[in-house]
Amino acid sequence: MAGSSIMESLFQRSLEDLIKGLRLQLMGGGESKFIAKSMEEIRREIKSTDIQTKSTALEKLTYLNSIHAIDMSWASFHVVEVMSSNKFAQKKIGYLAASQSFNESTDVILLITNQLRKDLTSTNQFEVGLALECLSVIATTDLARDLTPEIFTLLSSTKIFVKKKAVAVILRVFSKYPDAVRVSFKRLVENLESSNSDPAAAIGVFCELTSRDPRSYLPLAPEFYRILVDSKNNWVLIKVLKIFSELAPLEPRLAKRIVDPISEHMIRTASKSLMFECIRTVVTCLTDYETVLKLAVEKISEFFLSDNDDDPNLKYLGLQALSILASKEHLWAVVENKEFVIKSLSDMDPNIKFESLRLVMEMVSESNVAEITHVLVGYALKSDPEFCNEILGSILLTCSRNVYQVIVDFDWYVSLLGEMSRNPHCQKGEEIERQLVDICLRVREVRPELVRVARDLLIDPALLSNPYMHRILRAAAWVSGEHVEFSRNPFELMEALLQPRTHLLPPLIRAVYIQSAFKVLVFCLQSYLVQKEVISSSLDDLAPRGFGLHFDRNFPESSELSKQEASADCEQDGDFNPRLKRTAEDYTGDRIVANGQTSSSVSLENDPFTHESIVNLLHLIKRALGPLSGSDEVEVQERARSVLGLIDLMEQEIPGLLVREGSLKGEELQGLKVLDLIQHSFSKELGPVSLSAQERVLVPDTLLLKENLAELDTVCGDILLSPSSTFSLGNILFGEKNNTLQKEKESEPSTESTSLLAEHRKRHGLYYLSSTDKNGSGSNDYPPVNEMNNLIDGAQDLLKLTAQSVDSKKKSSYSKRRPMVVRLDDGDEEAGLAVEKTKDSKDDSLSGVVRDILLGDETKPMSSQSKPSGKSSGKRRVKEVTLNIGHPSQSKETLGEVEIPRQGSSNVHSSHGKERHRRSKKKDGDKDESSRKDKQMGHRRGRSKNQQSADIQTPAIPDYLL
Amino acid sequence: MGIRFILLVNKQGQTRLAQYFEYLTLEQRRALEGEICSFVEHRNYKVVYRRYASLFFLVGVDDDENELAILEFIHLLVETMDRHFGNVCELDIMFHLEKVHFMLEEMVMNGCVVETSKSNILTPIQFLDKAT
């Protein structure tokens, strides 16, 4: 046996050999084969009785795990063995392997408690360090509970090397085992104190704790303040600033106190990171203090200066700080830096571009929206596709915010939407579609313009080949069908709707096209017949009859003739009369159609509804839709059939339809009535629907609602077997059959993960750095040099224009008044904005305990089965320490506010109690009582210190929060 | 937890070092290392990176972490490695991965930077070298 282990270690491959081998394989491409072979060796070697062989094998396995993602969970027991080696180098290997592979579900983790305890109490500080580091990654609730006493001792170790690690590990211990707070909180706080050379670790822990539950740590503010003023370590200062940016919003007086030290740091420091942290603190929580805010904005501007070697990081962070300010109504800071912001739109760095775009959009207001968006849309045309869509997206978002709040001139806006749709890179079809329909529903006045924009989109055959356009075209088709009465040329519209290239559309959108064609047809037929009737009735010298074509829409409910209607009809007659003189032949020449392309631009003066045109229209429809009546797509088929059906009906009902001259006979009026009915059903105005509309409909008593799908269970209960359970079933069977179970199990996850990876690669292939040519194409994303000029020109334009418009806040050059925009009573916008929830205050057990300790709230005693010794005493000590915290400030401050220390309580807690007083007066009483009790009982260690500090105290306790 | 993970990736996208301060399954690690190459903001992390010659140093941090400080941290790491290896290169890191892990453990615990002095960072490694 011994002989074999010597042989093993002699011929064992070292980690270095493994890495070299892997590198060779990298060129050859047999990497996975090589790894598989190495794994075989490792499996053999790791079972060796020789600890050296075992640890080398584990080292190799750890390497493969971390770099090549080879599973090592099967080796956890070997890890435990190597951890317990006496040799430091081997122990180190074991600990690294443990921190890398152990987790809550590792079962052998139960076995290492004693080993950890032994190493934590070792005389070799490096061994202690290993154990602490490992614990900071893997500590479970059990480990944290069982080892709290040892860690507690280490917290006041004389070896700085050990102490800082003990402090850092506390964070993990607290989150796993909150009761540890009672024992060790005091010592943790001590580590913040000035006598301590390096509070970095402690501040790091408090920074993390504070970010989870700021309120609990307010009482420690004086300690943090002292560090903010005294510390020279930038790392520590940055962390302390982070703590304050959590605390300051909770306590206005605290915010006031930190303004000065922060200004000091900003003026003094040469470190950019500290400077930025100061700036960030100011812009996030000190915006109410003008001087420091001004200083911060000044420093932000310095980030933009070119003497920073054009560091893109500084630019980016500066822009980010500005956008925080912009979101807090401090737009002036952005305007002050607008030159840089706009220049950054053409920056090379995409992050900077996006950030500056966001800021430019922040500057948009009612008065400059048209100009800014105009330039941006032009700029988008020249940008790369990604940024182009970013621009379009942010324009859409900004303009539609709060039910189009910034838009006054909707005619302009819908034509802008049309322009944006035509951008060849545009991928915002869905949003543009939504807005087109939304505006159509909400803003009545804009409909004629909207129909015009829709027509321009529909007649362009080139757009049909762009799939991103389809959604927009759907909206356009719907709008122009729904409001065909505003169309200047319905025939042209019909041709557009039925053009041959519509076969490129997805069936559902094509169905919308056909439905719109239906509406247009009804409109045309009715207009034609009404006109015919007008002729005949005027021949018969009858009073004109109003069918109220357009006007139905405005007065959908009224069937009687109102005065307006009558007069409007007269106007209409006026329109029609001149046409009577012409004959249909006048128009046949340039009429239409054969190819379905809209080439003939029929001028408006021509009366569209001639006999000839109607005949042609019917031909066109029959030719275009005839083949579709046999379509596979139900929507398309059904709609095509209804259009054709209507034509059939009309031809039956009105034989004279196709007769050129002559008045309508009696039965033909019947057909007209049918058309009227259809037209009427289309003329019901659609409006926006409130999200909560459904809720307002009462459920009738007679309606029986059954339990949700409950009956389905009985029907398909046998089908609903969960796939996972069947899978595991299969696994068990498989395991039973196969006696090399372990091997199979081991190889299984790795194949599974490679297939996962492959799948991922397939989906996100774009993001894999594969070959060098990708880099080449990547650089193509940037515009070529000559285009760069254009870009900058564009930016310059924008610069000029914002110079004019941003400054002159209100430019009331708008001749148009803002049309009425339909808003629903329950503010439908809010629903869309997805109200951001504030950070859920993790009122977990940890902060509960911390509060107990810092605030003396004893109402929540923690339950724990095996409390470490000294638990209760530790708690008392902590309380005393936090009471002591008020000292360092000494007597510079006076009590500004009238909250007088409660009589009967000692000075010590008055400084502290006041703070708490604001929150919970009720608890004051029993806290005083309890702390008095504490005092009486005292404690061995805490006692002397507490008394000493009590002696120092002057009657007026300085309060940092004042 | 400020720092979540530290990755060293070379130009070809091969991971050279991966240190995580929270437990992720192998699949999660693999996916993350695969995706991260082109993202600056990744899920709930922010990735701060800096390139030295052929190596990218990526540090995944919480959203509110100070980016510039992390860049300084990366630089400190590189300087420390430089001091130990003498003009550090990719191969040094590949062949002495455990030492780099050791340095990182010295510098960062629980995602917090706890040590910034180069000589303090290197003491345990010197001890290890003496021991072997």
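**Entry 1: A:A69**

Is A:A69 buried or exposed? I looked this up first, in what is a predicted model. A:A69 has a relative accessibility of 12%. The cut-off for buried is under 20%, so A:A69 counts as buried. I then placed the residue: A:A69 sits in the loop between α4 (51-68) and α5 (76-83) of chain A. Its backbone caught my eye. Phi of A:A69 is positive, about 55°, although the residue is not a glycine. Most residues other than glycine have a negative phi.

**Entry 2: B:A53, another alanine with positive phi**

I went to B:A53 next. Phi there is near 50°, again a positive value in a residue other than glycine. B:A53 belongs to the loop between β4 and β5 of chain B. Is B:A53 buried or exposed? I read 65% relative accessibility for B:A53. Exposed starts over 50%, so B:A53 counts as exposed. I noted both alanines together: A:A69 is buried, whereas B:A53 is exposed.

**Entry 3: the hairpin and strand β5 of chain B**

B:A53 led me to the strands beside it. β4(B) and β5(B) form a hairpin, with 2 residues between them, and B:A53 is in the turn. Strand β4 covers residues 45-52 of chain B and pairs with β5(B) in the antiparallel sense, over 7 bridges. I picked out two of the facing positions. B:V48 has B:V59 as its bridge partner in β5(B). B:R51 stands opposite B:F56.

Which other strand did I find paired with β5(B), over 7 bridges? Strand β1 (residues 3-10) of chain B does this, in the antiparallel sense. Here B:L8 stands opposite B:F57 of β5(B). So my notes have β5(B) paired with β1(B) and with β4(B).

How many of the 7 residues of β5(B) are buried? I count on 6 of them, in a strand that spans residues 55-61. The strand is therefore largely enclosed by the rest of the structure. The turn residue B:A53, by contrast, is exposed.

**Entry 4: the two chains**

I stepped back to the chains. Chain A has 47 helices and 0 strands. Chain B has 5 helices and 7 strands. From the N terminus on, I read the elements of chain B as β-β-α-β-β-β-α-α-α-β-β-α.

Then burial. Chain A has 962 residues, and 52% of them count as buried. Chain B has 132 residues, with 63% buried.

Then contacts. In chain A, I took contacts with a separation of 6 or more; residues 24 or more positions apart account for 71% of them. In chain B, the contacts between residues at least 6 apart in sequence include 48% that join residues at least 24 apart.

**Entry 5: A:I395**

I wanted one helix position in chain A. A:I395 lies in helix α23 (residues 385-404). Its relative accessible area is 0%, so A:I395 is buried. What does A:I395 contact, leaving aside its neighbours within four places in sequence? I listed A:M361, A:T373, A:L376, A:V377, A:L416 and A:M420. I also checked one distance. A:I395 and A:L357 are 38 residues apart in sequence and 9.7 Å apart in space, C-alpha to C-alpha.

**Entry 6: cavities**

A search of the whole structure gave me 14 cavities of 30 Å³ or more. The largest holds about 240 Å³ of space. Which residues lie nearest the centre of the largest cavity? They are A:S99, A:V137, B:Q19, B:Y20 and B:E105, out of 22 lining residues.

I sorted the lining by element. α6 (88-101) and α8 (125-138) of chain A each supply at least two residues. From chain B, β2 (15-20), α4 (97-107) and β6 (108-109) each do likewise. By class, I have 11 nonpolar, 6 polar and 5 charged residues.

**Entry 7: confidence**

Last, I looked at how far to trust the prediction. The model scores ipTM 0.88 and pTM 0.64. Chain B has a mean pLDDT of 82, and 89% of its residues reach 70 or more. Where in chain B is confidence lowest? It is lowest in strand β3 (residues 41-42), at a mean of 63. Helix α2 (residues 67-85) of chain B is highest, at 91. Where pLDDT is low, the predicted coordinates should not be read in detail.

Terms used: Residues are numbered from 1 along each chain as its sequence is written. Chains are lettered from A and ligands numbered from 1 in the order in which they are written. This is a predicted model: local features need pLDDT of at least 70, side-chain atom pairs count only at pLDDT 80 or more; totals for chains, interfaces and linings use all residues. Side-chain values use heavy atoms; hydrogens and water are left out. Buried means under 20% relative accessible area, exposed over 50%, partly exposed in between (1.4 Å probe, protein chains only). Helices (H or I, at least four residues) and strands (E, at least two) are DSSP runs, numbered from the N terminus. Two strands pair if DSSP finds at least two bridges between them. pLDDT is the predictor's confidence in each residue, from 0 to 100. On a 1 Å grid over the protein atoms alone, a cavity is a set of points where a 1.4 Å probe fits but cannot get out, and a pocket is an open set with protein on both sides within 12 Å along at least five of seven lines; lining residues have an atom within 4 Å of a point. Grid points are joined across faces, edges and corners, and a volume is the space filled by probe spheres set on the points. Ala, Val, Leu, Ile, Met, Phe, Trp, Tyr, Cys and Pro count as nonpolar, Asp, Glu, Lys and Arg as charged, and the others, Gly among them, as polar. Contact means heavy atoms within 4.5 Å.
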